[in-house]
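Visitor: I would like a close look at a single part of this protein. Please show me the model, and then I will ask about one position.

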Amino acid sequence: MKYVGKDIEQLIPQRNPFVMVDEFEAGEAPTTADSLTGASCTTSLSVRKDNYFMLPDGEMSASGLIEHIAQSASALAGHVATQQGAVRPPVGMIAEVKHFLCQRRPRLHELITTTVTMGFSFGSMTLCHGKSCIGDDTICEVDLKIFVQ
């Protein structure tokens, strides 16, 4: 399933000017009905001048990349919850950032394409891996531990 523009707000609790996902497309479904394990998605974000994480040098901050990946994971959790009958998207928080490797920061007008894959889930904690690219070039990868309420 694909969500574009304002439809993303059905999946995440964030609102403008803090929305960091322009497009969402569901990938694999979770391997079990009561967790996010195995679920995946692809998202995109066009880097615009009014983005909260833009720096004066015309590049997005590294923390903006982490937030984009976290919101991509949030959109995936929201998609899975909606498929299971939820009315509102779940609220999540980053509990841990590990193995963050940033090759370069995205520049104004570039399109970031991100793949998120959910790993092991236990209770309210879920591990996920995010990889962001510009074209065919990987610009960053990170492992997140996310607490979902």
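Visitor: Which residue in strand 6 does Thr115 stand opposite?

Guide: Thr115 stands opposite Lys131 in strand 6. Keep in mind that this is a predicted model. Now let us look around that pair.

Start with the two strands. Strand 6 covers residues 125-134, and strand 5 pairs with strand 6 in the antiparallel sense. Eight bridges link the two. Strand 5 and strand 6 also form a hairpin. Two residues lie between the strands. Look at Gly123 in that turn. Gly123 has a positive phi of about 60°.

Strand 5 has another partner. Strand 5 spans residues 111-122, and strand 3 spans residues 40-46. Strand 3 and strand 5 pair over seven bridges, in the antiparallel sense. Find Thr43 here. Thr43 stands opposite Thr114 in strand 5. So trace it in your view: strand 5 pairs with strand 3, and strand 5 pairs with strand 6.

Next, step back to the whole chain. The protein chain has seven strands and one helix. Read from the N terminus, the order is β-β-β-α-β-β-β-β. Helix 1 takes up residues 62-83, and Gln71 is found in it. Gln71 is buried, with a relative accessible area of 0%. What does Gln71 touch, leaving out residues up to four places away in sequence? The contacts are Ile12, Gln14, Phe18, Val19, Met20 and Val21.

Contacts across the chain tell a similar kind of story. Take contacts between residues at least 6 apart in sequence: 61% of them join residues at least 24 apart. Buried residues make up 44% of the 149 residues.

Now for overall size. The C-alpha trace spans about 45 × 30 × 25 Å along its principal axes. The radius of gyration of the protein chain is 14 Å. A compact globule with 149 residues would have a value near 15 Å, so the chain agrees with that expectation.

Last comes the surface. The protein chain exposes about 7800 Å². Carbon and sulfur atoms supply 54% of that area. For charges, the chain has 12 positive and 17 negative. The mean positions of these two sets are 4 Å apart.

Return to your pair to finish. Thr115 and Lys131 stand opposite each other, and strand 5 and strand 6 are joined by a hairpin.

Definitions and conventions:
Residues numbered from 1 in each chain as written. Predicted model: local features only at pLDDT ≥ 70, side-chain atom pairs only at ≥ 80, totals over all residues. Heavy atoms only, no water. Helix = DSSP H or I, 4+ residues; strand = E, 2+ residues; numbered from the N terminus. Buried < 20%, exposed > 50% of the residue type's maximum accessible area, 1.4 Å probe, protein only. Contact = heavy atoms within 4.5 Å. Rg over C-alpha atoms; globule rule 2.2 N^0.38 Å. Areas by Shrake-Rupley, 256 points an atom, 1.4 Å probe, with all protein chains shown as cover. Lys, Arg positive; Asp, Glu negative; His and termini not counted. Charge placed at Lys NZ, Arg CZ, Asp CG, Glu CD. Pairing = 2+ DSSP bridges.
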